[in-house]
Structures are given as structure tokens and as C-alpha cells.
Amino acid sequence: MAPLHSTAKHGLKIVVIGGFGVGKTTLVRSVSEIRPLDTEATMTDVGAGIDDATGVPGKSTTTVAFDFGRITLDDEHVLYLFGAPGQQRFWFLWDRLFTGALGAIVLVDQRRIADSWYAIDRLEHQGTPFVVACNDFGDAHEPQEVRDALDLDPAVPLLMCDARSRESSKQVLIALVEHLYSAVPQGETV
Amino acid sequence: MSRSVRDEDPDRFYTLTGGRAPATEDFDLVTLVVSESAPSAGMTSEQVAILDMCRAPTAVVEIAAELRLPVGVATVLLGDLLHAGKITVRPPLSVAMSLDASTLEKVLVGLRKL
């Protein structure tokens, strides 16, 4: 693992959340400067054999562990991306992941939109800023259809992406930070 | 690919921590840890590994992943090193602290350079 600059001072967090098999790890990998590593927050042994892989071809297991990647922004700022499972039973992980996070990216599989309802509901309730990114699995719906299906607040940005593409994933991150930026009065502290 | 944390023997975690609870108040996942001294005699292999790794700033979550320890277990070990003055920590920037427009601008500049 490549070491950080000795001047690195400020760690920042963004959480990528989404249903099983939606491409969280793919998105993290496409922009991370380190190979995504996985770890886990607790020793609770859950997950194996529980996840419903129906409708997600080619994926038969899941990791309870969350994975993460890293982006060195400049000499002092380092951004960590965390992929977190969106299913309700994994919320025990979230407190730790979201404490102090800049915001969240909800990654949506348009074939399984209902998987995202719980995560979006939770984020809205806890007041965590987020954007929604639809990972393109080749059968794209109209953005408006997705927005309607998610009953998304008009103020929440929604964009299409290809999580395998570094450029596309980068645009999703930028969309989130611009969304955060637009909410901060210039020259003031949040 | 590294082994999963879940494959490890829970006894190892108990031995390492003495059964103590995670030191979550001192360590966020992205708290950067920096070594302040070289490993010395009597340290566990995990403590030595942490001090080696943290010669450059290293996030708590990276330390846990490298050592294949659950984050909670890693924070217990880090807490011991912190209280012994062997490491220092650089707490994360967060919304609760001073996240302002100029910080977000720096984040945007960094992301656009990707």
C-alpha cells in the first residue's frame, strides 16, 4: 500500500451505499489509488448465504465487510471512500461510517430500484446530504422515471453513471461535492 | 487477495485486546495515525507492525485492513500506543468540525485532477 505524504493531515469520508451487487466496489475501485481493501467493523458473523442474489447474474456471495478506497486530494487532504451495504440489517455499520462523513452516494440498479428505498429514507431522516447515481447496466430508464420511482426530493441530484469508468465515477464524486458546496454559504462554516 | 477477517480465530482478538472494548472515542475510521517512536523490545508483533506502517500517516481503517483485524480490535491496540505516547493522531475533518467552503473547494480541485 502506497504511503501517504508525511504532510497528510485531514482525512475525509464519503460513503457509497447501495443494494447487493449494484457496483459499490466497482465504483470505489475505479477511482481509488489503492486496491480497495476490505475490513469489518464488528466481529458479528452475518451475511454468508443470506443475501438474495436473484436478478444479479454472476454474483453469488456478498461481503459483510465494508470496503474502502483512497484518493489523495492534495498534500494535506485525503479522501476515503467506503462502500456500504444498503440493506436494513446492515445499519449497525452505518453509525460509524457516517459519523463525520461529507455525504453519501446512493448507487442504484435501475432493475432493482426498491433496494434503494430504505437507504434514501434513512439518509433523509438523518440529514446526510447525498446524490443518487444510477449505475448503467445497459437497460437505462429515463432519469425522470427513476426519480419518480424513488420519490426523490427535486433538490437531490440524480445522475447516470458507469461505475467501471474512472471518469464517470469521478463525475459522481464531483456532483456530490458540488451539491455540498451549493449548500454552504460562501465564507462561512457549516 | 488477503484472507477475510472472518476467517481469523476470535481467540486471537481476545488475546490481543484482553477482552477490552474498542477505543472509539479517540479513533474515527479516517483518523490518521503517525508513529512517534521506533518499535521496542516487549511489543507485540501487531504493535510493531503499526509503528512500522505509521511512519507515514496511515488511516485507522487502513491499519485494521493491513493487520486483518476488525476495526474495533485495532482501536484497542492503537489506544494503548496512544496512551503510551508511541503514536499521535490527526483527527479527521468532519461536518462537526470546520468544514467550510474553502475545504470543499480543495476537495473539488483534487477530484477534478483525478
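This passage walks through the sheet of chain A, a helix packed against it, the main nonpolar core and the make-up of chain B. The model is a predicted one.

Chain A is a good place to start. Its 7 strands make an open sheet, in the order β2-β3-β4-β1-β5-β6-β7, with mixed pairing. At the edges sit β2 (37-39) and β7 (158-161) of chain A, each with a single partner strand, so each has one side left without a neighbour in the sheet. From one strand to the next, the twist averages 30 degrees. Zooming in on one pair, β5(A) and β6(A) run parallel and are joined by 6 bridges. Val106(A) takes part in this pairing, with Val132(A) as its bridge partner in β6(A). As general background, strands of a sheet pair through backbone hydrogen bonds, in either a parallel or an antiparallel way.

Helix α3 of chain A covers residues 117-126, and its buried residues are Ala119(A), Ile120(A) and Leu123(A). Looking down the axis of α3(A), these buried residues fall within an arc of 95 degrees, so they line one face of the helix. That fits the usual geometry: an α-helix has 3.6 residues a turn, so residues three or four places apart point the same way. What do the buried residues of α3(A) pack against? The partners, in chain A, are the strands β1 (10-18), β5 (103-109) and β6 (130-135), along with helix α4 (143-150). Just after α3(A) comes Gly127(A), which takes a positive phi of about 70 degrees.

Then there is the largest nonpolar core, with 77 residues. The members that touch the most others are Val15(A), Val16(A), Tyr80(A), Ile105(A), Val106(A), Val60(B) and Val61(B), so named from both chains A and B. Helix α4 of chain B (residues 71-83) supplies the largest share of this core, at 7 residues. In soluble globular proteins, nonpolar side chains tend to be buried together. Val61(B) gives a close-up of the core: leaving out residues up to four places away in sequence, Val61(B) touches Thr39(A), Phe68(A) and Tyr80(A) in chain A, plus Leu29(B), Val30(B) and Val71(B) in chain B.

As for chain B itself, there are 5 helices and 3 strands, and along the sequence they follow the pattern α-β-α-β-α-α-β-α. Chain B has 114 residues, of which 40% are buried. Taking the contacts in chain B between residues at least 6 apart in sequence, 71% join residues at least 24 apart.

How values were computed: Residues are numbered from 1 along each chain as its sequence is written. Chains are lettered from A and ligands numbered from 1 in the order in which they are written. This is a predicted model: local features need pLDDT of at least 70, side-chain atom pairs count only at pLDDT 80 or more; totals for chains, interfaces and linings use all residues. A residue is buried if 20 or more other C-beta atoms lie within 10 Å of its own, exposed if 12 or fewer, and partly exposed in between; C-beta atoms are placed from the backbone. Helices (H or I, at least four residues) and strands (E, at least two) are DSSP runs, numbered from the N terminus. The arc is that of the directions from the helix axis to the C-beta atoms. Two residues are in contact if their C-beta atoms, placed from the backbone, lie within 7 Å. A nonpolar core is a set of buried Ala, Val, Leu, Ile, Met, Phe, Trp, Tyr and Cys residues joined through C-beta atoms within 7 Å. Two strands pair if DSSP finds at least two bridges between them. Axes are lines fitted to C-alpha atoms, for helices over the stretch in contact, and angles run from 0 to 180 degrees between N-to-C directions.
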